[in-house]
Amino acid sequence: MNRASSLMTLVLLATAGVGVTYIVQRSNASHIAAEQRQLENRKWLDVLSVDAYDNQPLEQPLALTGTDLSHSLLLGGYRATKAGQPVAVLLLSQTEGYAGSIELLIAIDANGRLLGVKTLEQSETPALGGYIGDWPNSWLQAFIGKSGSQPTDAGWALKKDQGQFDQIAGATMTSRAAINAIHDALRYFDDHRTTLLGSAP
């Protein structure tokens, strides 16, 4: 076999290899994308117990109005249902912390009580306000069961501001931002309950 034939065979084998790789990647792309979406959904839906809902909340975003709130901005909303009945609303909230924006996923049950809060994005100081990004988060768990009116508006503040809540050690601004955003979301739920739930709870 001369040099030209060897070179041609090598080119054909390389082309065939690239072609096979391309076909395999294309055939697996949708499966990989679906698994990636599932992982992302699970990351977001950690705030709900797995058996609490049977729909895919993140695939059906709610149309929100009046999303520029007192201390935060709502970026999105989602409804979790079970057997067709609304069980929770997830509100994606953005607020300003000490070092930049903080994104919180806030889960509220059909009666307006907080089910859980998870930080999705933050750039706070590590070992101080950055603690808000930990999951699970004992500081954020202290808000579970609260509502827009319990405690009162005055109670929705840090103890150092005559409110009811402790702060993250060394992170007053981060703590205030999170408390205000959670309270904003709960009040928004109260004001838009029928629309968010889609029916009476």
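# Exercises on a predicted model

S1 and S2 make up a hairpin in which 2 residues stand between the strands, and Ala83 in the turn has a positive phi of about 55°. The exercises below concern a predicted model.

## Exercise 1. The hairpin

Determine how S1 and S2 run relative to each other, and how many bridges join them. Then describe the conformation and exposure of Ala83.

*Solution.*
1. Strand S1 covers 73-82 and strand S2 covers 85-96, with Ala83 in the loop between them.
2. The two strands run antiparallel and are joined by 9 bridges.
3. One residue to inspect is Thr81, which stands opposite Pro86 in S2.
4. Ala83 is not a glycine, yet its phi is positive, about 55°.
5. The cut-off for exposed is over 50% relative accessible area. Ala83 has 67% relative accessibility and therefore counts as exposed.

## Exercise 2. The loop between H2 and H3

Locate Gln162 and Pro151, and describe the backbone at each of these residues.

*Solution.*
1. Gln162 lies in the loop between H2 and H3, and Pro151 is found in the loop between H2 and H3 as well.
2. Gln162 has a positive phi of about 70°, although it is not a glycine.
3. With 67% relative accessibility, Gln162 counts as exposed.
4. The peptide bond that joins Gln150 and Pro151 is cis, with omega about 10°.

## Exercise 3. The peptide bond before Pro136

Establish whether the bond from Trp135 to Pro136 is cis or trans, and place Pro136 among the elements of the chain.

*Solution.*
1. Omega for the bond from Trp135 to Pro136 is near -5°, and the bond is cis.
2. Pro136 belongs to the loop between strand S4 (114-121) and helix H2 (138-141).

## Exercise 4. Helix H3

Test the span of helix H3 against the expected value, and state whether H3 is mostly covered or mostly open.

*Solution.*
1. Helix H3 takes in residues 172-191, which are 20 residues.
2. The expected span is 1.5 Å times one less than the number of residues. For H3 this should give 28 Å.
3. The end C-alpha atoms of H3 are 28 Å apart, so the model agrees with the expected span.
4. Buried means under 20% relative accessible area. On that basis 14 of the 20 residues of H3 are buried, and the helix is mostly covered.

## Exercise 5. The largest pocket

Give the volume of the largest pocket and the make-up of its lining.

*Solution.*
1. The volume of the largest pocket is about 180 Å³.
2. Its lining has 10 residues, of which Asn41, Arg42, Leu45, Tyr53 and Gln56 are the closest to the centre.
3. By class, the lining residues are 4 nonpolar, 4 polar and 2 charged.

## Exercise 6. The chain as a whole

Decide whether the chain is a compact globule or more spread out.

*Solution.*
1. The chain has 4 helices and 4 strands, in the order α-β-β-β-β-α-α-α from the N terminus on.
2. The radius of gyration is 24 Å, well over the 17 Å given by the globule rule for 201 residues, so the chain is more spread out than a compact globule.
3. Along the principal axes, the C-alpha atoms fill a box of roughly 90 × 45 × 30 Å.
4. Of the 201 residues, 39% count as buried.
5. Leu13, found in helix H1 (residues 3-44), counts as exposed at 58% relative accessibility. Leu13 and Asp68 lie 55 residues apart in sequence, and their C-alpha atoms are 59 Å apart in space.

Note on methods
Residues are numbered from 1 along each chain as its sequence is written. This is a predicted model: local features need pLDDT of at least 70, side-chain atom pairs count only at pLDDT 80 or more; totals for chains, interfaces and linings use all residues. Side-chain values use heavy atoms; hydrogens and water are left out. Buried means under 20% relative accessible area, exposed over 50%, partly exposed in between (1.4 Å probe, protein chains only). On a 1 Å grid over the protein atoms alone, a cavity is a set of points where a 1.4 Å probe fits but cannot get out, and a pocket is an open set with protein on both sides within 12 Å along at least five of seven lines; lining residues have an atom within 4 Å of a point. Grid points are joined across faces, edges and corners, and a volume is the space filled by probe spheres set on the points. Ala, Val, Leu, Ile, Met, Phe, Trp, Tyr, Cys and Pro count as nonpolar, Asp, Glu, Lys and Arg as charged, and the others, Gly among them, as polar. Two strands pair if DSSP finds at least two bridges between them. The radius of gyration is taken over C-alpha atoms; the globule rule is 2.2 Å times the number of residues to the power 0.38.
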